[in-house]
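Me: I am new to this structure and would like to know how the terms used for it are justified. Could you set each value against its definition for me?

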Amino acid sequence: MRLLRFPAALRRGPLCDLPAGRSAVLLAATALTLTACGSGAGAGGAGADAGPPRPGGSLVFAVSSDQGCADPQQVQSNDSIYALRQVVDSLTDQDPETGAVVPWLATRWSSNADATAWTFTLRPGATFSDGAPVDAAAVKANFDRVPELGARGSLPKGYLAGYTGTDVTSPTEFTVRFSEPNVQFLQGTSTHSLGLLSPADAARSDDDRCAGVVGSGPFTLERYAKDDVTVLAKRAGYDWGSSLFGHPGEAFLDRAEFRVVPESGVRAGSVQSGEVDAIASVGQQDEAPLTAAGVQLPARPNPGLPFGITFNQATPLGADPAVREALSRGIDRDEVVAAVYPGRTRAATSALSSTTPSYADLSALVGYDPAAATAALDRAGWVPGPDGIRAKGAQKLTVPLTFAQNIGTTKPALELIQQQLRRIGVDLQLREVQIAETQAVLEAVTSSPPGAT
């Protein structure tokens, strides 16, 4: 898949199973590897063949938001991952077509019979941009630090669930141990969430790391300004890319700039005018004008978890299976997709997106069925009130949902869902927070009002 005149690879990232986004990316993929450059000709050159990649040049990429942190291990928003994925390497990579886990920093690996111990061999010669070696001790420093991360580190902590330590047997050999089987760990080693930081940076506080980190990736973090811009510079001498990289050596691009442009229309206008070279999060209303202007709109669903609502099951409503079933059955995903999202978006049909290995279509279990939703609430004693909102005794079925507008479609999608759920007697109350506030929300989640977060 190619972005603009800048050849690149779009790889890794349930309400919607969304496609990824002259080029405009309909939805970000979890890893965007910047490996080449073009002339920066802007809109006038969108349809031209740039020819073979050549060294030099810069990429200007407009995204819709910033998570407020420049540490790959502490971000989950695609808009932040676009840039920060370039700063760190991973032990492994995952083939986007087959799902196979393949070598990157690690050349081989194995596990014991019950997946409680994973042994890796590292390739020699890789270094962090501060000069420290990418060795077994560096991996241990990273993995030992992950369980200590705060709420922003929920992704790497999940991949390291049950972690008991890393045994270093040589500079290139180590074994990662868990207290219980951890079959997700190997796939986790291919993600940005377990991308490796220099040991000196891994030891810093969470907030200090959010100001910027040092990795071993093909780019270094030149500058980070919260809610404004992330600037990357090519790493000279880089020569240890993933086995999937079409170009394993130094990046062709000299520089990449990721500007935060919250308004979808402004992003679309910027790529049409040539002010920026590529954009993320294309609005539905912008598709036709961009296509007419010759802007390419590549699309592919992100592997992993689709966008969705997650319940806090430590609260009474979040723990109520009837409420969870009613919300799942009461949401018309097809209507949401048609009304809000770009044209090639598909409604989610599972807890996993359709490009995820082992995906299974669960439409029969999660599909829109308002009759089943109301029946579940009836059985659980939630009775419609005079205003149409159900109640059980003195408690109304008011479900607060906290969200961050990390892409432009989030709020309008939730507002439509709010209307759909009201039809089955659920009062969904939306509470918007800034992306940078999500850590505090997650830390307070067990003491939040009953409902979904």
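Reply: The torsion about the S-S bond of cysteine 69 and cysteine 210 is about -85°, so this disulfide is left-handed. The model is a predicted one, in which local features need pLDDT of at least 70 and side-chain atom pairs count only at pLDDT 80 or more, while totals for chains, interfaces and linings use all residues. Residues are numbered from 1 along each chain as its sequence is written, and side-chain values use heavy atoms, with hydrogens and water left out.

Me: What makes cysteine 69 and cysteine 210 a disulfide?

Reply: A disulfide is a pair of cysteine sulfur atoms within 2.5 Å, and the S to S distance between cysteine 69 and cysteine 210 is 2.0 Å, so the pair meets the definition. The structure holds one disulfide.

Me: Where along the chain do cysteine 69 and cysteine 210 lie?

Reply: Cysteine 69 is in the loop between strand E6 (58-63) and helix H1 (78-84), whereas cysteine 210 is in helix H6 (residues 206-210), so that the pair links distant parts of the chain, 141 residues apart. Helices (H or I, at least four residues) and strands (E, at least two) are DSSP runs, numbered from the N terminus.

Me: Why is aspartate 277 called buried?

Reply: Buried means under 20% relative accessible area, exposed means over 50%, and partly exposed lies in between, with a 1.4 Å probe and protein chains only. Aspartate 277 has 7% relative accessibility and therefore counts as buried. This residue lies in the loop between helix H7 (264-273) and strand E16 (278-280). Cysteine 69 and cysteine 210 are buried too.

Me: Why is the pair of phenylalanine 120 and phenylalanine 174 called an aromatic pair, and is it stacked or edge-to-face?

Reply: Rings of Phe, Tyr and Trp (its six-membered ring) pair if their centres lie within 6.5 Å; planes under 30 degrees apart count as stacked, over 60 as edge-to-face and the rest as tilted. A search of the whole structure finds 11 aromatic pairs. In one of them, phenylalanine 120 and phenylalanine 174 are 5.3 Å apart centre to centre with 10° between the planes, and this pair is stacked. The pair links strand E10 (residues 117-122), which holds phenylalanine 120, with strand E12 (residues 173-178), which holds phenylalanine 174, across 54 residues. Phenylalanine 120 counts as buried because its relative accessibility is 0%, and phenylalanine 174 counts as buried because its relative accessibility is 0%.

Me: How do you know how tyrosine 163 and phenylalanine 178 are arranged?

Reply: Their centres are 6.3 Å apart and their planes make an angle of 70°, which is an edge-to-face pair. Tyrosine 163 is in strand E11 (residues 163-170) and phenylalanine 178 is in strand E12, 15 residues apart, and both residues are buried. Ring pairs link these two into a cluster with Trp109, Trp118, Phe120, Phe143, Phe174 and Phe185.

Me: What makes strand E18 and strand E20 edge strands?

Reply: Two strands pair if DSSP finds at least two bridges between them. The open sheet of three strands has the order E18-E19-E20, with antiparallel pairing. Strand E18 (383-384) and strand E20 (395-396) each have a single partner strand, so one side of each is left without a neighbour in the sheet. Strand E19 (residues 390-392) is joined to E20 by two bridges, and alanine 391 has lysine 396 in E20 as its bridge partner.
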